[in-house]
Amino acid sequence: MSTPDIAGILDKSKELDQLRKDQEEVLIEINKIHKKLQATPEVVEKPGDSSLSKLKNLYAHAKELSENEVNVSNSLLVQLDALLPSGPQGQPRRRIGEPKRKRMKSDSEIPRISPALRNQLEACASLKGEQVAARVTQEDADKDEWFVVKVIHFDKDAREFEVLDEEPGDDEEGSGQRKYKLPMSAIIPFPKRNEPSPTLDFPTGRHVLAVYPGTTALYKATVVNVHRKRKTDDYLLEFDDDEEDGSLPQRTVPFHKVVALPEGHRQ
């Protein structure tokens, strides 16, 4: 093994170490903004606030650092493989540690998960047994259909939910309960009744997604009440396409059945 080869490996190792330090710093900043939004979610309504923009940029930076880490790790593996000694002449080349690598995946084969994504996956797994809002239609459907479903299982590897529609409508095929397998993007957790503090407080005029009274379906609605003082108070909403006698009736919906309107919602 020549000195230049060793120097190249050491340089890559230093670069890898710096990338990991940079990721830790980005994660600290992401967590700071998360705590800020949990404590004062109304801050995003203030003119000039750039919290969400900063959060988006930090996540993009974290993704770039993670991808760079994988590239540098792969480069190190190539350098090390090239320096491993060959076996005796006439015998197939056998790398040091090859039997162990047959039993275990190498670092380059194991998908790297950022701390932020790991926390998100843990949060999804914790929803087992909970009722959530679920988009049961395909992403390319003409309109989105959202229902209240119960989480049966979350597969961290596939990043997929298995959910149960406990009260399918009369027009559903079959008469029994219906199961779906849905991606993470199709699930929105409801606020918890006994933990109102992290709940988003939607102001008057905000478009939301809410459970229509007496059903298990969610529709787009507009917040209209001005007397809601606590996060545990009910919302007064006007649902789209709910016209009666030429006007939209105002309907009361519990706070734990109201979530943010997904971006690009089609109804």
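1. Buried residues make up 30% of the 267 residues in the chain, and this figure, like every other in this note, is computed from a predicted model. The accessible surface of the chain comes to about 17,700 Å², and carbon and sulfur atoms account for 49% of that surface.

2. As to the overall arrangement, the chain has 4 helices and 10 strands, and along the sequence these follow the pattern α-α-α-α-β-β-β-β-β-β-β-β-β-β. Among the contacts in the chain with a separation of 6 or more, 51% are between residues 24 or more positions apart.

3. The largest nonpolar core has 18 residues, of which Phe161, Val163, Leu182 and Ile187 touch the most other members. Two or more residues are given to this core by each of α4 (115-125), β1 (131-135), β2 (146-155), β3 (160-165) and β4 (178-183), and β2 supplies the largest share, with 4 residues. For Ile187, once its neighbours within four places in sequence are left aside, the contacts are with Val132, Ala133, Ala134, Phe161, Val163 and Leu182. As general background, nonpolar side chains in soluble globular proteins tend to be buried together.

4. A second core, separate from the one just described, holds 13 residues, including Leu19, Ile30, Leu37 and Leu55. Leu55 lies in helix α2, which spans residues 51-83, and Leu55 counts as buried because its relative accessibility is 11%, under the 20% limit for that class. Not counting residues up to four places away in sequence, Leu55 touches Ile30, Ile33, His34 and Leu37. The C-alpha atoms of Leu55 and Lys32 are 9.8 Å apart in space, while the two residues are 23 residues apart in sequence.

5. The structure holds 4 aromatic pairs. One of them joins Phe154 and Phe161, whose ring centres are 4.6 Å apart and whose planes meet at 45°, a tilted arrangement. Both residues can be placed in the interior class: Phe154 is buried, with a relative accessible area of 8%, and Phe161 is buried at 1%. The pair of Phe202 and Tyr235 has its ring centres 6.0 Å apart and its planes at 45°, so this pair is tilted. Phe202 lies in the loop between β5 (187-189) and β6, whereas Tyr235 lies in strand β8 (residues 235-239), so the pair ties together parts that are 33 residues apart in sequence. Phe202 and Tyr235 are buried.

6. Further aromatic residues deserve a look in the viewer. Tyr212, Tyr219 and Phe239 form one aromatic cluster. Two charged side chains are placed over ring faces: Arg228 lies over the face of Tyr235, at 3.8 Å from the ring centre, and Lys257 lies over the face of Phe190, at 5.0 Å from the ring centre.

7. Thr215 is found in the loop between β6 (207-211) and β7 (217-223), and with a relative accessible area of 36% Thr215 is partly exposed. The side chain of Thr215 reaches the backbone oxygen of Tyr212 at 2.8 Å, and a polar atom of that side chain lies 3.2 Å from the backbone nitrogen of Ala217. Thr215 and Phe147 are 68 residues apart along the chain, and their C-alpha atoms are separated by 9.0 Å.

8. Two backbone angles should be checked by anyone reading the loops. Most residues other than glycine have a negative phi. Arg159, although not a glycine, has a positive phi of about 55°; Arg159 is placed in the loop between β2 and β3 and counts as partly exposed, at 34% relative accessibility. Asp241, likewise a residue other than glycine, has a positive phi near 60°. Asp241 is found in the loop between β8 and β9 (251-253), and because its relative accessibility is 72%, over the 50% limit, Asp241 counts as exposed.

Conventions
Residues numbered from 1 in each chain as written. Predicted model: local features only at pLDDT ≥ 70, side-chain atom pairs only at ≥ 80, totals over all residues. Heavy atoms only, no water. Buried < 20%, exposed > 50% of the residue type's maximum accessible area, 1.4 Å probe, protein only. Polar contact = N/O pair within 3.5 Å; in protein donor to acceptor, adjacent residues only side chain to side chain. Core = buried A, V, L, I, M, F, W, Y, C linked by side-chain atoms within 4.5 Å. Contact = heavy atoms within 4.5 Å. Phe/Tyr/Trp six-rings, centres within 6.5 Å; stacked < 30°, edge-to-face > 60°. Lys NZ or Arg CZ within 6 Å of the ring centre and 35° of its normal. Areas by Shrake-Rupley, 256 points an atom, 1.4 Å probe, with all protein chains shown as cover.
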